[in-house]
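Here is a friendly walk through one protein model, with an eye on its charged pairs, one of its helices and a hairpin. Please have your viewer ready.

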Amino acid sequence: MNSEKKTGWGLALSGGGARGVIHVGVLKALDEAGIKPVCISGTSIGAVVGGFYAAGITPDELLVYFRKQSWIRTFGIKPGLSAFLEMKSLKSLLEKRLTDDFAELEIPFCCVATNIRTRSSEVLDSGSLHAAITASASIPLLFAPVEIDGVKYLDGGVTDNIPSAALAGKCDQILAVDVNHTAVPGSADNVKNIAIEVFLTVLKNNSKEGRELADHVISPEMGKEFDLLDFSKADELFEKGYRAGKEWTDALLDNK
């Protein structure tokens with residue numbers, strides 16, 4: 001991402017699995033208000049949405065894609081030899097719809113992934129865009145790490161779930177979108193649900209700094225019915241994001 005500071009809003013999109021469809025609704029509201037981010041950062045599903053939007057894919061197009069997918073089809077679940085799962089469908093979509101070059105994006109974009117060797121977050125803004133997005137979205141224990149230049153990476157949410165810091169000095173103000181504001185915990189009655197609750201706890205703890213660094217945060221409250229891995233409620237999630245985004249843009253424009 002170009003390090004030159006630009007006048008306008010920077011947009012930091014959190015991780016959160018299927019709940020990331022909220023980002024699409026927020027982007028729709030921003031578009032309608034004529035607010036175009038000058039730079040975007042994303043973690044995990046935020047990297048997926050942010051990367052496509054930075055390439056010129058509209059929120060309406062993104063919603064159509066998510067609406068058609070179950071979480072299984074979205075990530076192309078297929079056990080690998082190491083017992084991890086592969087994101088074949090996501091990789092295929094990236095190859096079909098997205099440039100593999102950060103420099104060719106319409107809006108400067110970067111994403112955050114977790115460097116397994118250093119156990120720390122790392123901002124990816126050059127090299128293969130496809131590999132960077134896939135690495136950022138590789139949920140631990142589910143998906144295999146992604147190797148880039150000899151280094152293995154996992155989901156950025158493990159270390160930095162709201163990548164506001166990645167935008168520091170690149171824009172006037174930072175708007176963060178956090179899709180993990182859940183008042184009521186989900187169930188812990190099986191291994192999958194326990195793993196999800198553990199991961200959501202990690203995301204929450206790794207969102208604090210990003211929220212504090214942002215000038216504004218959009219964070220609609222989520223019910224426990226919105227599973228981290230269930231894309232079947234895409235329309236409801238989109239509406240949550242759109243309403244929250246519309247409320248924010250209306251307040252912003254009213255104060256001008």
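The notes below go through these topics in turn.

## Salt bridges across the chain

Please keep in mind that this is a predicted model. Searching the whole structure turns up six salt bridges. One of them pairs Lys28 with Asp60, with 3.0 Å between the closest N and O atoms. This pair links distant parts of the chain, since Lys28 sits in helix H1 (residues 21-32) and Asp60 in helix H3 (residues 59-68), 32 residues apart. Asp60 has a relative accessibility of 41%, so it counts as partly exposed.

Helix H3 takes part in another such link: the side chains of Arg97 and Glu61 form a salt bridge, 3.3 Å from N to O. Here, too, distant parts of the chain are joined, with Arg97 in helix H5 (residues 88-97), Glu61 in helix H3, and their positions 36 residues apart. Arg97 is partly exposed at 41% relative accessibility, and Glu61 is partly exposed at 36%.

## A salt bridge within one helix

Lys246 and Asp250 also form a salt bridge, and their closest N and O atoms lie 3.3 Å apart. Both belong to helix H9 (residues 234-254); because they are four residues apart, about one helical turn separates them. In general, an α-helix has 3.6 residues a turn, so residues three or four places apart point the same way. Lys246 is partly exposed, with a relative accessible area of 31%, and Asp250 is partly exposed as well, at 32%.

## Helix H1 and its surroundings

How does the span of H1 agree with its twelve residues? At 1.5 Å a residue, H1 should span 16 Å, and its end C-alpha atoms are 17 Å apart, which agrees.

Is H1 largely enclosed or largely open? Nine of its twelve residues are buried, so the rest of the structure largely encloses this helix. The buried residues of H1 are Val21, Ile22, His23, Val24, Gly25, Val26, Leu27, Ala29 and Leu30. Just after the helix, Gly34 adopts a positive phi of about 75°.

## The hairpin of S3 and S4

Strands S3 (residues 109-115) and S4 (residues 120-124) run antiparallel and are joined by five bridges. If you would like a pair to locate in the viewer, try Cys111, whose bridge partner in S4 is Leu124.

Four residues lie between the strands of this hairpin, in which Arg119 takes a positive phi near 60°.

Key:
Residues numbered from 1 in each chain as written. Predicted model: local features only at pLDDT ≥ 70, side-chain atom pairs only at ≥ 80, totals over all residues. Heavy atoms only, no water. Salt bridge = Lys/Arg side-chain N within 4 Å of Asp/Glu carboxyl O. Helix = DSSP H or I, 4+ residues; strand = E, 2+ residues; numbered from the N terminus. Buried < 20%, exposed > 50% of the residue type's maximum accessible area, 1.4 Å probe, protein only. Pairing = 2+ DSSP bridges. Expected span 1.5 Å × (residues − 1).
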